[in-house]
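I am opening my notebook on this structure, and I want to write down what I looked up, one element at a time.

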Amino acid sequence: MSTQSPAKPLTGRRVAVITGASSGIDAATAEHLAGLGATVAILARRAERLDAVSSRIEKRGGTALTLVADVSDAATVESAADRVATELEGADLLFNNAGLMLPAPVEDRPTGQWRRQIDINITGVMNVIGAFVSQLVASARVRGVADLITTSSIAARNVFPNFAVYSGTKVYVTHLSRHLRVGLGAKNVRVAVLEPGIVETELQSHVTDEGAREWSAGSKETVEWPTPHDIAETVGFIAALPPRVNLQQATVMPTHQAS
């Protein structure tokens, strides 16, 4: 008999891994999925912040496993996946959201920023998928469905000044998700990609390009930005859909942001 309820549709054997879960969209999603009944494994570099997220989840009656790892380091991600397999019997929901946004003019040659974005937004995404995909496939074989949800960006579709490298990494994520559906969908692993517009997170604070910072400040005066919880609710909605339904791509924008 199913133990699910309309209020907690992920109750039962749903184990959700969330990357970058020490703040922003990731932390909000971890708390939201736990509130929907999932057991969550939260993965990020900052141990103290992970502990704070875990504490909030547990105070509300949820269960959280903290995993200190850097997504750009394949070995630490593999170790985290081993812990999920051993302690939680494997993941059946992966929210692959860790990312970095550092816009800058290409002619300035900020090679360090290019490398960091590629390391996290592309290599990190692949490290996480590589470490957890076998768990998703195994879980889907047993319970009939698993979810791989990865965060891209509206920048994968639209053109913004000085965002060439960041946008390129997000184009990779969006197109990667299309290809993964071919093999994984047949194995009952639903593959979804989120393409948010601007969201109220600390991602904006990492930006060093003055033009991008001015644009962001001006946007905030005229546009009400979605919150991390808004994105978290979208992830929860996707994960709670019937196994026969795959919401493959979702663009989540501020109402006043046209593109």
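**Entry 1: helix H2**

I began with the outward side of helix H2, and I noted that the face turned away from its buried side carries the exposed residues Glu-48 and Lys-59. I keep in mind that this is a predicted model.

I then looked up the extent of H2, which runs over residues 47-59, and found that its 13 residues reach 18 Å from the first C-alpha to the last, close to the 18 Å expected at 1.5 Å a residue. Which residues of H2 are buried? I listed Leu-50, Val-53, Ser-54 and Ile-57. Looking down the axis of H2, I saw that its buried residues fall within an arc of 100°, so they line one face of the helix. I also checked what these buried residues pack against, and wrote down helix H1 (24-35), strand S2 (39-44) and strand S3 (64-68). After H2 comes Gly-61, for which I noted a positive phi, near 90°.

**Entry 2: helix H1**

Since H1 had turned up as a packing partner of H2, I looked at H1 next. Its 12 residues should span 16 Å at 1.5 Å a residue, and I found its end C-alpha atoms 17 Å apart, which agrees. H1 is mostly covered, with 10 of its 12 residues buried, and among them I noted the charged residues Asp-26 and Glu-31, along with His-32 and Leu-33. What covers the buried residues of H1? I wrote down that the cover includes strand S1 (15-19), S2, H2, strand S4 (93-96) and helix H7 (228-240). Just after H1, I found Gly-37 with a positive phi of about 110°.

**Entry 3: two residues of helix H5**

I turned to Ser-177, whose place is in helix H5, and I recorded that it counts as buried because its relative accessibility is 2%, where the cut-off for buried is under 20%. Its side chain reaches the backbone oxygen of Val-173 at 3.0 Å. Leaving aside neighbours within four places in sequence, I found Ser-177 in contact with Thr-150, Val-191 and Val-193.

Arg-181 also has its place in H5, which covers residues 164-184. How far from Arg-181 is the nearest side chain of opposite charge? I noted that this is Glu-195, 8.1 Å away, and that Arg-181 is buried yet has no salt bridge. Not counting residues up to four places away in sequence, Arg-181 touches several residues, including Ala-186, Val-191, Val-193, Asn-246 and Gln-248.

Note on methods. Residues numbered from 1 in each chain as written. Predicted model: local features only at pLDDT ≥ 70, side-chain atom pairs only at ≥ 80, totals over all residues. Heavy atoms only, no water. Helix = DSSP H or I, 4+ residues; strand = E, 2+ residues; numbered from the N terminus. Expected span 1.5 Å × (residues − 1). Buried < 20%, exposed > 50% of the residue type's maximum accessible area, 1.4 Å probe, protein only. Arc of directions from axis to C-beta. Contact = heavy atoms within 4.5 Å. Salt bridge = Lys/Arg side-chain N within 4 Å of Asp/Glu carboxyl O. Polar contact = N/O pair within 3.5 Å; in protein donor to acceptor, adjacent residues only side chain to side chain.
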